[in-house]
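Biologist: I should like a close look at one part of this model, followed by an account of how the remainder is arranged around the chain. Please state the criteria behind each term as you proceed.

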Amino acid sequence: MKSEKPIAAPNVGGSLTDVTAAVLDQQNINLKKEIPDNAVMVNSEILPSKGVAYKKPIYVTPLTTQDLKNLNTMTEENATARINGVLFSCIHGISYKDILEGDKLWLLFYIRSVTYDDFPIFIKYKCKECGRQGVHKVTMKNLNVRHLKDDYVPTLELPKSGDKLTLRLPSIRNEDRANSLKNNEQFNQSLDPELLDLCIYIEAINDEEVKTFDAYQYLLKMNAYDFSVYSNYLLDYNFGIVPSVEIPCACGTTVVEGIGFTSDFFMPNFSKYKDL
């Protein structure tokens, strides 16, 4: 993806209004050059985050053969890198590093939908109560999505210490900073990966901006009461795809199955499911 270049002010005369209009026109021209012809604009309101963190429209393009090759070699160890690579390839209009953590998987599903004309994901299931087996269809419309609550506020006052935390909705950029600490040989034996995942929500403490490692140290020394309040606040306002589906069985039981990244997810066998 090409990096966004500073836009030079056009050589125009007239009022400030005229200059501003000319700059906006140039921005639109540059944006059109960056967005591929086959890109589809994402309706930000249906994102798990409802688009609250994005100042520009997000566009996606279909998967390429190279993307498929990368995804089909995905393992538990390299999953983050493979998914981020696809977002780098298929996201346009903004930097993929500005994508929020909670929107990542939803966008991956959306890219798959754009690529394969919303061809369903087929989930095999077996009811533990009656033994009935079947195949359930999942599309973007019936994905289990948890949206960011409207009453979310990015500040939290801790009851015991009295500290005021300024919070962020973490992006891939913040995730990368935490992962760099996890992979740092100087630290990786002693750093708690779960705390690292939690510390990237902290942007400032008592209005003083903090770095990732400082936020980690702060959480590590936090008293248990405040930590419980903090972690439950994050849980209450968590958003994203729930990677499972509830399937109603004819016997009245609800079967819960996970949605995994199988080969069929990334490269569906159309003929296999043509009669379903």
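**The sheet of strands 7 to 10 and its setting**

Modeller: Strand 8 (residues 164-167) and strand 9 (residues 202-205) run antiparallel and are joined by three bridges. Strands are DSSP runs of E of at least two residues, helices are runs of H or I of at least four residues, and both are numbered from the N terminus. Two strands are said to pair if DSSP finds at least two bridges between them. The model is predicted: local features need pLDDT of at least 70 and side-chain atom pairs count only at pLDDT 80 or more, whereas totals for chains, interfaces and linings use all residues. Residues are numbered from 1 along each chain as its sequence is written, and side-chain values use heavy atoms, with hydrogens and water left out.

Within the pairing of strands 8 and 9, L167 stands opposite I202 of strand 9. Helix 8 (residues 224-236) packs on this sheet and touches strand 7, strand 8 and strand 9; contact here means heavy atoms within 4.5 Å. The direction of helix 8 makes about 155 degrees with that of strand 7, where axes are lines fitted to C-alpha atoms, for helices over the stretch in contact, and angles run from 0 to 180 degrees between N-to-C directions. The sheet as a whole is open, with four strands in the order 7-8-9-10 and antiparallel pairing. Strand 7 (155-157) and strand 10 (208-209) each have a single partner strand, so these edge strands are left with one side that has no neighbour in the sheet. In general, the strands of a sheet pair through backbone hydrogen bonds, in either a parallel or an antiparallel sense.

Another open sheet is built from three strands in the order 1-2-3, also with antiparallel pairing. Its edges are strand 1 (40-41) and strand 3 (91-92); each has a single partner, so one side of each lacks a neighbour in the sheet. Strand 2 (residues 59-60) pairs with strand 3 over two bridges in the antiparallel sense, and Y59 faces H92 of strand 3.

A hairpin is formed by strand 12 and strand 13, with five residues between them. Strand 12 (residues 244-248) pairs with strand 13 (residues 254-258) in the antiparallel sense over five bridges. E246 has V256 of strand 13 as its bridge partner, and P248 stands opposite T254. In the turn, G252 has a positive phi of about 100 degrees. The two faces of strand 12 can be told apart: V245 and I247 lie on the covered face, while S244, E246 and P248 lie on the uncovered one.

Among the helices, helix 3 takes part in two packings. The axes of helix 3 (residues 79-90) and helix 5 (residues 172-182) come within 13 Å and cross at roughly 150 degrees. These two helices are therefore roughly antiparallel; angles under 35 degrees count as roughly parallel, over 145 as roughly antiparallel, 65 to 115 as roughly perpendicular and the rest as oblique. Their crossing is left-handed, the near helix being turned anticlockwise from the far one by less than a right angle, whereas a clockwise turn would be right-handed. T80, N84 and L87 of helix 3 make this contact with I172, E175, D176 and N179 of helix 5.

With helix 4 (residues 101-115), the axis of helix 3 comes within 11 Å and crosses at roughly 60 degrees, so helix 3 and helix 4 are oblique to each other. This crossing, too, is left-handed. From helix 3, the residues involved include I83, V86 and C90, and from helix 4 they include K104, L108 and I111.

L143 sits in the loop between strand 5 (133-138) and strand 6 (145-146). With 10% relative accessibility, L143 is buried; buried means under 20% relative accessible area, exposed over 50% and partly exposed in between, with a 1.4 Å probe and protein chains only. Apart from neighbours within four places in sequence, L143 is in contact with F109, V138, I241 and I259. Its C-alpha atom is 7.9 Å from that of V242, 99 residues away along the chain.

As for the cysteines, C127 is buried at 2% relative accessible area and C199 at 1%. A search of the whole structure finds zero disulfides, a disulfide being a pair of cysteine sulfur atoms within 2.5 Å. For C127, the closest cysteine sulfur, in C251, is 3.7 Å away, too far for a bond.

Overall, the chain has nine helices and 13 strands, and 39% of its 276 residues are buried.
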